[in-house]
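Biologist: Could you take me through one part of this model closely, namely the interface between chain B and chain A? Cut-offs included, please, and feel free to bring in the other chains where they help.

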Number of protein chains: 4
Amino acid sequence: MKIIEKVLNQEKDTKMTVYLNLESPEFHHGKRPLIVVLPGGGYSFCSDRESELVALQYMAAGYQACVLRYTLKDKGSWPDPLNDYEQAIEMIAAHSDEWNIDMGHIAVVGFSAGGHLAACTATLAKRKPQAVICVYPAILPDIVDMCQTGMPYPNEHVDDNTSPCYIVAGRDDGLVNVNNAMVFSQALEKAGVTFDLHIYSRGQHGFSIGTPLILDGEATPRLAQWVPDSIVWLGEIMGVFTDTGFKEPTIRPSLNADAEPRLSVECSLRHILRQNEETQNIMRPVYEKIRAMAEARNFSYEGLCAAISSYTVKEILGVFKTAPDEILRLNEALQQIPNI
Amino acid sequence: MKIIEKVLNQEKDTKMTVYLNLESPEFHHGKRPLIVVLPGGGYSFCSDRESELVALQYMAAGYQACVLRYTLKDKGSWPDPLNDYEQAIEMIAAHSDEWNIDMGHIAVVGFSAGGHLAACTATLAKRKPQAVICVYPAILPDIVDMCQTGMPYPNEHVDDNTSPCYIVAGRDDGLVNVNNAMVFSQALEKAGVTFDLHIYSRGQHGFSIGTPLILDGEATPRLAQWVPDSIVWLGEIMGVFTDTGFKEPTIRPSLNADAEPRLSVECSLRHILRQNEETQNIMRPVYEKIRAMAEARNFSYEGLCAAISSYTVKEILGVFKTAPDEILRLNEALQQIPNI
Amino acid sequence: MKIIEKVLNQEKDTKMTVYLNLESPEFHHGKRPLIVVLPGGGYSFCSDRESELVALQYMAAGYQACVLRYTLKDKGSWPDPLNDYEQAIEMIAAHSDEWNIDMGHIAVVGFSAGGHLAACTATLAKRKPQAVICVYPAILPDIVDMCQTGMPYPNEHVDDNTSPCYIVAGRDDGLVNVNNAMVFSQALEKAGVTFDLHIYSRGQHGFSIGTPLILDGEATPRLAQWVPDSIVWLGEIMGVFTDTGFKEPTIRPSLNADAEPRLSVECSLRHILRQNEETQNIMRPVYEKIRAMAEARNFSYEGLCAAISSYTVKEILGVFKTAPDEILRLNEALQQIPNI
Amino acid sequence: MKIIEKVLNQEKDTKMTVYLNLESPEFHHGKRPLIVVLPGGGYSFCSDRESELVALQYMAAGYQACVLRYTLKDKGSWPDPLNDYEQAIEMIAAHSDEWNIDMGHIAVVGFSAGGHLAACTATLAKRKPQAVICVYPAILPDIVDMCQTGMPYPNEHVDDNTSPCYIVAGRDDGLVNVNNAMVFSQALEKAGVTFDLHIYSRGQHGFSIGTPLILDGEATPRLAQWVPDSIVWLGEIMGVFTDTGFKEPTIRPSLNADAEPRLSVECSLRHILRQNEETQNIMRPVYEKIRAMAEARNFSYEGLCAAISSYTVKEILGVFKTAPDEILRLNEALQQIPNI
């Protein structure tokens, strides 16, 4: 292992510690994925309980790791911490050959205030991670403002391009209310972004990796599941990292194709409804099915459309048990149209 | 095993199938816990994929099981299905000796429309279960009304007495949007009710127990975790069932003591603020700490109180790092006061 | 579920209880696999702690189940219990359509004395199961004779046609010494039969399924792993049972092809050495490699051959880093020769 | 993390790499346990696939780690590698304060040839580890001699003082036959030493930590269980390492008290039978019970004694369902006698 300390900004006391696995001709895997660890501490400090120990969990699965000690509030203000992340990623990209890091497989994990910063990398960063893990993240005004004023509330910045997220929280968290995790998840839902959310009945603030190593028994032992589970999820999103390279991902970062270059039945109804008349003509048979169902159930057509607008056209046709070749023909027609 | 079919209502075609484990002098455990299974099917049918197979999972952990086939919409209307549940529980209570069932350890698990009914047993039933598991439950108007008009939206009926819940859903559920699970969880949060929530990035509607036995590969294999995890959770809430009887529960059904006969530091700030002047006098030193923090951070006192009102007094004092004996004395003073 | 009681022999008080899963047009899987449960009890009784409860574990994974209550020693003697198994299998085969059982996917699980009987079905039965699970099995003379005189010691009857086995035992078993499990495994090793063996440091006799439901705390909680792990193993050996039928097996029942109709590089060296001169001519280049290695390391050629005789020719060529096409050509030559 | 390289012997090219976790006032655990990693490679090289990557697994559970690169056969001969271990332990002891290592909690893990060396530390070292993990270890003459001549066969050196062992192997290991693991386990059984043994049907030589990171798919995915399982086992043997220090161990390193300063009912029958006449007089009632059982079953008394000689007196009395106070009185009498 090589451990490299890089000062990002002397004055602001920001730095990153990069942990690089031993390489050897005995491994045949090519470049490795990277996990960036953002410790918590209310932007007042960076907790040692959420730093190197977390990096070790992912290194044990073959990840390179980087613990980022970002700008604290006595040395700066927002958006310094997000800029620290951008600076770190830039530096990592510049060293990606030397450090054996695959820039297409970058994940972030953050805790509490670091979970706020992680959620900001997912929503606001120029170079968004491929996957983000938020552990008891601060999202909502009451707790975000208590950390530091002037910072964004990440749920307000979620859109089609937000990174897929894995969110963990304790229901009885006495410091960062579990609602933070839920409101952020709801924003992801609305935008069609893929996410996992795991809330445990008992897990006080600061459970970190959730094992006996860190807990004094005031939590459910089930908490110890989240790290290994998140590693499997990362493999689903980014492709499992094996001795012979990455496998294919099995889960898409977005639930729909609203951001693809051409329209398709994988676009959300919401997105299709916003398109030009040509598209609406193609879609007519679908609309008629929806109208028929609305009438049959005594709903307004507009109400039903709104209720199902986040589903893809394909999903909606599935509910109507539409024949596969009909779906195929519709898809071909839609794919003629550029998505602008 | 004994399997007993009980017709609840011939006309409405409602019935329950009770599955009783083999008993023997070789077991020393006393009465067993019971799981009541509510299959899904949009109140139009009761799916075989969410009935006996589910019962078997919990029987393998020692539970007696009961699959309830409730009133479908062509035979009746709300509140028939909830009444079916009440009738079933009454019949079970009447046979609890014969059937070796401990009436203090009743859990319910429901799927989709059955998840709606499960959430209604948690909120509206006269004899609420000790624990409720809701799998891709229908909660919100759009989907609930689509099943059958005139039914309650369970999130609107959550209060201090709601049963603790374990909620599971697939983020890409194309039929019952994942928001149903989240909005119900948020209602539980507000009311101080204990819950677990697990949303998986990929798990289409109808994954049932989530194993290869039921899935055609269109979901994450991680889904198979939820049944065993829910069994551990049931043990945390109701006490693990062992060869020598029940162990002590490790998680309380409510986060606070707002429903206990006397006040204590385990009550929520919200509940304490509603009490009489005597209580407010006792609480004065706590309020002063809150006021000091508000001033230090440039918040309004009322705003800060509102932000933390769902926490218990003990949790709030923990944040202020109050000495244990000071907390003890405050608790003694509060416990003099009846909770009315 | 249907539960069918079949008396095998009134006089000997032998019977089987068959548990059949609910079938429905909602399932699409075809015929199901079957697990036959053989409870322990020293051939003096059939323990309720190792009967239906065990059946339930495998039913929860989609298996049909059969608890066989075989001839006890006050009603008969060896080979009655093995004959009971044969009779049961015959009856199951006769009902396989009615009972929806795939006769190519039969597994047996036995405990203690039932583990002895299970090991006998793997070695001595006319219709051997596709897979056998032996839990703290009685194998060796001291304990087998103590149960009942005149019974076979299963390790002495292992050969190429023995069923693959999954063996579990507690190292501190105070009744059936753990050596029973190990000696049986060694016999399987010698014969080239596939097996899993799991010995846990702490697991007193009679832990059955190894969960809190059955244990009073005198064992490692890790014991609870064996049932789910054995279900995965059954899937590896017989093919995972899914909603759309069986997947392909991933592990062969035998390590070599010594029982196949034609010779190949998958045969063990031991088997090849016993063949005629034609075969020996084909094998000459391999023998020369072995001789060269023996000389280089100062071993006798015969000694080295004996040491590696249980490996397949392919494995041995792998150690010599032989080119794939050379292996292919050798294989083609060997496959010309019938295996007699 | 601090990584310290220590050259043990320049000429023999032996060295150890010590990995020390980040310490901080935020941790409250006292000194940490240590894992010593012994890579495989036939005493010809030290495989990178079984070195740092293994250390990382245990570090993620809070262990300090040490990868020992011992004397290879081109630089020396037996007992150099064992001496390297002793030298390493001595150096670790000398730095135990500085390196924050608890010398009462030392574990060793070794692979293949390193598994041979690990088994030698368990049996032959002056400072034996508290627990030893052997992964596809070389134990028997054919493979040990092929590595290097003149080395001991660890199974021949097992006695009462051997360290408890956790042994893992692949049944189809084409290089180190699985019999190595079984014969070593049988020696541990005979000596009353605690062990776990896990043999997987499919796991070719060199699977290391058994995850996709290291495997190209030629093994059962169940192999990935062994590292986490071994960490739980280490906690059972040495006490779980938590944020507030070590918990009590739950498994004793030896099954009996044959090595304790005074006799007791926890001694094995074998050990008691070797004692003087005074002891035999105390034991008379026990011998009579055994004699009665032998007669009832038509065994010879000597044969039955031999069959059960590895059990403790207490276990034997348990089989006879002896009253607890009778066991207590016998124990008191035995404890008067020094164990010499």
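Modeller: Here is a walk across that interface, followed by its counterpart elsewhere and a few backbone details.

First, the ground rules. This is a predicted model, so local features need pLDDT of at least 70 and side-chain atom pairs count only at pLDDT 80 or more, while totals for chains, interfaces and linings use all residues. Residues are numbered from 1 along each chain as its sequence is written, chains are lettered from A and ligands numbered from 1 in the order in which they are written, and side-chain values use heavy atoms, with hydrogens and water left out.

Let's start with chain A by itself. Its secondary structure adds up to 11 helices and 10 strands (DSSP runs, numbered from the N terminus: H or I of at least four residues for helices, E of at least two for strands). Chain A has a radius of gyration of 22 Å, close to the 20 Å that the globule rule gives for 340 residues, so it is as compact as a globular protein of that length. That radius is taken over C-alpha atoms, and the globule rule is 2.2 Å times the number of residues to the power 0.38. The C-alpha trace of chain A spans about 60 × 50 × 40 Å along its principal axes.

Now put chain B against chain A. In contact (heavy atoms within 4.5 Å) are 51 residues of chain B and 50 residues of chain A. The two chains bury about 4000 Å² between them, with 52% of it on carbon and sulfur atoms. Buried area here is the accessible area (1.4 Å probe) that two parts lose on being put together, summed over both. On the chain B side, Met146(B), Arg171(B) and Arg222(B) supply 17% of the area that chain B buries against chain A, more than any other three residues.

On the polar side, there are six salt bridges between chain B and chain A, each a side-chain nitrogen of Lys or Arg within 4 Å of a carboxyl oxygen of Asp or Glu. For one, look at Asp196(B) and Arg222(A), where the closest N and O atoms are 2.8 Å apart. The rule also finds 38 residue pairs in polar contact across this interface, both residues at pLDDT 80 or more. A polar contact is a pair of N or O atoms within 3.5 Å; within protein, one must be able to donate a hydrogen and the other to accept it, and residues adjacent in sequence count only if both atoms are side-chain atoms.

Which elements does chain B bring to the side that touches chain A? At least two residues each come from α4 (141–147), α5 (179–191), β8 (195–200), α6 (226–238), α9 (301–307) and α10 (313–319) of chain B. Of the elements, α5(B) gives the most, with seven residues. Sorted by class, that side of chain B has 24 nonpolar, 14 polar and 13 charged residues (Ala, Val, Leu, Ile, Met, Phe, Trp, Tyr, Cys and Pro count as nonpolar, Asp, Glu, Lys and Arg as charged, and the others, Gly among them, as polar).

There's a strand pairing across the interface too: three bridges join β8 (residues 195–200) of chain A to β8(B), and the strands run antiparallel. Pairing needs at least two DSSP bridges between two strands. His198(A) has His198(B) as its bridge partner in β8(B).

Next, chains C and D. Here 50 residues of chain C are in contact with 50 residues of chain D, and the buried area is about 4000 Å², with 51% from carbon and sulfur atoms. Met146(C), Arg171(C) and Arg222(C) supply 18% of what chain C buries against chain D, more than any other three residues. This interface has six salt bridges, including one between Glu236(D) and Arg222(C) at 3.0 Å, N to O. Three bridges join β8(C) to β8 of chain D, antiparallel, with Leu197(C) partnered by Ile199(D).

Other chain pairs stay apart: chain A and chain C do not touch, their nearest C-alpha atoms being 13 Å apart. Likewise, no contact joins chain B and chain D, whose closest C-alpha atoms lie 13 Å apart.

Finally, some backbone details. The peptide bond from Trp78(B) to Pro79(B) is cis, with omega near 5°, and Pro79(B) sits in the loop between β4 (64–69) and α2 (80–94) of chain B. Asp13(A), in the loop between β1 (2–9) and β2 (14–20) of chain A, has phi near 60°, a positive value in a residue other than glycine.
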